[in-house]
Every structure is written in structure tokens, then in C-alpha cells.
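User: Could you take a close look at one part of this model for me? I'd like to hear about a single side chain and its setting, and then how the rest of the fold is laid out around it.

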Amino acid sequence: AAELTAGLVRAGAEPVVVLCGGADRLPHRHPLPTAGPLGRRAMAVVCARRGGLIANATRWVRFGPAEPAETDAEARIAEVEADVLDALRPGLPLADLLPVLRHAYPRHGFDAEEWTRHHQGGPAGYAGRDPRLAPGVPDLVHEHQAFTWNPSAPGTKIEDTVLLGPGGVVPLSVDPRWPVVRVRGRDRPAVLER
């Protein structure tokens with residue numbers, strides 16, 4: 001976590017949230033860093049401000065080959081995210097996206113209540129989420145608006161900042177040096193295998 005924070009500062013960003021968890025912390029969707037060993041899998045969560053705006057990202061690293069259950073869960077959680085990315089439309093009430101996520105979890109093989117176990121994200125920019133997606137949120141979706149959704153389930157999570165542009169969703173926080181997987185025509189962050 002300290003090295004990640006230092007890297008953000010060197011890149012000219014202000015760390016707002018830096019969370020890291022090794023294998024024993026993976027049941028936590030926002031794992032506080034500890035002195036525990038990483039183990040064979042680790043997750044890093046970053047929210048960082050640069051130029052006044054906040055970008056949010058979760059990245060995974062795996063030491064050794066993936067287990068089939070891991071790759072299955074990773075692919076399914078990316079489909080949950082893809083459902084909400086596909087639903088983004090200017091003028092849509094933000095609250096209308098909550099049912100999209102609620103139905104996406106069981107549709108992709110997760111527990112139907114998974115959406116209640118961690119916040120699902122929302123518009124991003126001057127705050128990490130402004131506002132967080134919740135029932136009755138009165139905001140509308142706008143073109144040229146940034147969003148960070150973060151669907152998660154036990155041992156899997158995807159979080160990346162995107163922009164709703166005139167041609168659709170454009171990922172903003174995908175690093176060309178990081179592995180990606182194509183999900184419905186979009187590059188989405190994959191697990192870095194070492």
C-alpha cells in the first residue's frame with residue numbers, strides 16, 4: 001500500500017483511498033492493508049485525484065495459474081459491469097440503473113442479494129462517487145460524464161473509471177501496460193499473472 005501510494009504521488013496524483021489485500025483479506029471488498037503475506041492472489045483499490053478529478057480502479061494480481069472458479073467468477077463479474085455500462089444513456093435517471101445491477105447479479109450466476117453487500121458505484125469526478133447509486137437518487141445520466149461502477153462478489157471485483165461519450169462508453173483508467181480482456185467490445189482490466 002505504501003509503494004502504491006508513493007507511485008501515485010510520483011505520477012502527480014493525490015491518493016484519496018488506497019486499499020490492498022492479500023489472499024487472507026479477499027473476503028473484504030475494501031480490504032484495509034495489513035502486514036499479512038500476499039499469498040497467491042492480491043487486490044489493490046485506488047481512488048486518486050489529479051487535476052481536481054478522481055479516478056477509481058481495482059486491480060488484481062495472481063501468482064501462478066488461475067483456478068477455474070476464479071476465472072469463471074472474473075468473467076461473470078465483468079458481465080455484471082457490462083450490463084450497467086450497456087444501460088448508460090444520457091437523460092436516464094440514475095436510479096434506473098439500480099434494477100439493472102440488481103438483475104445482473106443473478107443473471108450471471110451470483111447471489112441475488114450480492115448488490116446489497118457493497119456499494120455499486122455511480123458518477124465519478126470531484127468525489128469518488130457523486131452520488132453513490134441508491135434507490136431514489138434524483139440525478140440524471142449526462143453525456144461526457146464519468147462513472148465508476150464496482151460490482152463485486154466474494155473473491156472478485158471489477159472497478160474502473162469510464163466516460164460516457166457521444167459514441168458510448170470509453171474506459172479512462174485502463175493502462176495499456178496492464179492486461180485486458182475484451183468484454184462486449186470494450187477493453188476491461190484483467191488479472192495480472194506473475
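Analyst: Here's a walk through one tyrosine, followed by the sheets and the cavity. Keep in mind that this is a predicted model.

Let's start with Tyr105, which sits in helix α3, the stretch covering residues 97-107. Is Tyr105 buried or exposed? Its relative accessible area comes out at 0%, and the cut-off for buried is under 20%, so Tyr105 counts as buried. As for who surrounds it, skip the neighbours within four places in sequence and you're left with Ile77, Val80, Phe110, Asp111, Glu114, Trp115, Gln120, Pro151 and Ser152 in contact with Tyr105. Ser152 deserves a second mention: its backbone nitrogen is 3.0 Å from a polar atom of the Tyr105 side chain. Looking back along the chain, Glu79 is 26 residues away from Tyr105 in sequence, yet their C-alpha atoms are 9.0 Å apart.

Now for the sheets. One is an open sheet of 4 strands, ordered β4-β5-β8-β9 and paired antiparallel. Its edges are β4 (121-124) and β9 (168-171); each has a single partner strand, so one side of each has no neighbour in the sheet. From one strand to the next, the twist averages 35 degrees. Inside that sheet, β5 (residues 145-149) and β8 (residues 160-165) run antiparallel and are joined by 5 bridges. If you want a register point to check on screen, take Ala146, whose bridge partner in β8 is Leu163.

There's also an open sheet of 4 strands in the order β1-β2-β3-β12, and here the pairing is mixed. β1 (14-21) and β12 (192-193) are the edge strands, each pairing on one side only. Between β2 (residues 41-50) and β3 (residues 53-62), which run antiparallel, there are 10 bridges. A handy marker for that pair is Val46, standing opposite Ala57 in β3. Helix α1 (residues 2-10) lies across β1 and β2, with its direction at about 155 degrees to β1.

Last, the internal space. How many cavities of 30 Å³ or more does a search of the whole structure find? It turns up 1, and the largest cavity holds about 40 Å³ of space. Its lining includes Leu26, Pro27, His28 and Arg29, along with Met43 and Trp60. The run Ala153, Pro154, Gly155, Thr156 and Lys157 also contributes to that lining. Met43 falls within the residue range of β2, and Trp60 within that of β3.

Definitions and conventions: Residues numbered from 1 in each chain as written. Predicted model: local features only at pLDDT ≥ 70, side-chain atom pairs only at ≥ 80, totals over all residues. Heavy atoms only, no water. Pairing = 2+ DSSP bridges. Helix = DSSP H or I, 4+ residues; strand = E, 2+ residues; numbered from the N terminus. Axes fitted to C-alpha atoms, helices over the stretch in contact; angles between N-to-C directions. Buried < 20%, exposed > 50% of the residue type's maximum accessible area, 1.4 Å probe, protein only. Contact = heavy atoms within 4.5 Å. Polar contact = N/O pair within 3.5 Å; in protein donor to acceptor, adjacent residues only side chain to side chain. 1 Å grid on protein atoms, 1.4 Å probe; cavity = no way out; pocket = protein on both sides within 12 Å on 5 of 7 lines; lining within 4 Å. Points joined across faces, edges and corners; volume = space filled by probe spheres on them.
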